[in-house]
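Here's a quick briefing on how the helices in this one fit together. Have a look at the structure first, then we'll go through it piece by piece.

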Amino acid sequence: AHSPSQQQVDSGVPNGTPTTPENWSTYQNRANMQKQRRDQGARQVTVREAIEEIEAKARLVHETNTSQRVLTWAQWSRRMEDTRLDQGTMYVDEDAGGIAVSFDEVFIRSSALEGAVKSVVTCPISDDTELNFLLSHCLDGDNTTISRLSAGLKTLGECFKGCQRQVPEGFLDPLVVIIRELKTNPKMKRDSGSALR
């Protein structure tokens, strides 16, 4: 005869998984309570504060210490790929009733991506891999389109450098507008129930 625990294993149902609607409701409630406890223990940061922090870092690596750009882009991309890296922080959107939002949304709402694009043109990069990853997390469009955009920005910067010419004042403004228009709209994604990339 099987013991109750053996019967549960033999049935193919993992331990702790609810098997009836009533048990499932209890299971969900317990999971929600555990998440709430974790959130309460997390450092709460408003979206405005987080954006200010990101944009300050962006200005540093895009205008002053450009040798750190690629590393910073990689770090931002990893934080958007793996939410566990930010599990100790909860971003609170006070303008939306205090709801918690992801790092993806905070980053997209900042102007850091626009700064990266301007920086690539004024100070060319040798490899656009990390820029491509960053753009793919923030812009609408398929991988091929985003890869072309990334490569085009890199080529544009190389062109100015190769011709030994400064980027004309005002030249970057249309590029910034294009990037801004192609950005994923986090609120629309959230309202439709879709996940950000």
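Let's start with a single residue: is S77 buried or exposed? S77 is buried, because its relative accessible area is just 2%. Keep in mind that this is a predicted model. The notes below go from the whole chain to S77's surroundings, and then to helix α6 and its partners.

**The chain as a whole**
- The protein chain has 10 helices and 3 strands, and along the sequence they come in the order α-α-β-α-α-β-β-α-α-α-α-α-α.
- Of the 197 residues in the protein chain, 33% are buried.
- If you take the contacts with a separation of 6 or more, 67% of them are between residues 24 or more positions apart.

**Around S77**
- S77 sits in helix α4.
- Leaving aside residues up to four places away in sequence, S77 touches E130, F133, L134 and H137.

**Helix α6, the enclosed one**
- In α6, 9 of the 11 residues are buried, so this helix is largely enclosed by the rest of the structure.
- Those buried residues are A112, L113, E114, G115, A116, V117, S119, V120 and V121.
- The cover over them includes α3 (47–64), α4 (69–81), α5 (103–109), α7 (129–138), α8 and α9.

**E114, a charged residue on the inside**
- E114 belongs to helix α6 and counts as buried because its relative accessibility is 5%, where the cut-off is under 20%.
- Not counting residues up to four places away in sequence, E114 is in touch with V176, R180 and K183.
- E114 and A58 are 56 residues apart in sequence, yet their C-alpha atoms are 9.5 Å apart in space.

**α6 against α9**
- Helix α6 (residues 112–122) packs on helix α9 (residues 172–182) at an angle of about 140°, and their axes are 9 Å apart.
- That angle makes α6 and α9 oblique to each other, because it falls short of the "over 145" needed for roughly antiparallel.
- The crossing of α6 past α9 is right-handed.
- On the α6 side the contact uses L113, E114, V117, K118, V121 and T122, and on the α9 side L172, L175, V176, I179 and R180.
- Sorted by class, the residues of this contact of α6 with α9 come to 7 nonpolar, 1 polar and 3 charged.

**The two sides of α9**
- What is buried in α9 is L172, L175, V176 and I179.
- These four cover an arc of only 100° around the axis, so they are on the same side of α9.
- In general, an α-helix has 3.6 residues a turn, so residues three or four places apart point the same way.
- The buried residues of α9 pack against α6 and α8 (143–162).
- D173 and E181 are exposed on the other side of α9.

**α6 against α7**
- The axes of α6 and α7 come within 11 Å and cross at roughly 145°, and the crossing is left-handed.
- L113, A116 and V120 of α6 make this contact with L131, L134, L135 and C138 of α7.
- By class, the contact of α6 with α7 has 7 nonpolar residues, with no polar and no charged ones.
- L113 also turns up in the contact of α6 with α9, and L134 of α7 is one of the residues that S77 touches.

Key
Residues are numbered from 1 along each chain as its sequence is written. This is a predicted model: local features need pLDDT of at least 70, side-chain atom pairs count only at pLDDT 80 or more; totals for chains, interfaces and linings use all residues. Side-chain values use heavy atoms; hydrogens and water are left out. Axes are lines fitted to C-alpha atoms, for helices over the stretch in contact, and angles run from 0 to 180 degrees between N-to-C directions. Angles under 35 degrees count as roughly parallel, over 145 as roughly antiparallel, 65 to 115 as roughly perpendicular and the rest as oblique. A crossing is left-handed if the near helix is turned anticlockwise from the far one by less than a right angle, and right-handed if clockwise. Contact means heavy atoms within 4.5 Å. Ala, Val, Leu, Ile, Met, Phe, Trp, Tyr, Cys and Pro count as nonpolar, Asp, Glu, Lys and Arg as charged, and the others, Gly among them, as polar. Buried means under 20% relative accessible area, exposed over 50%, partly exposed in between (1.4 Å probe, protein chains only). The arc is that of the directions from the helix axis to the C-beta atoms.
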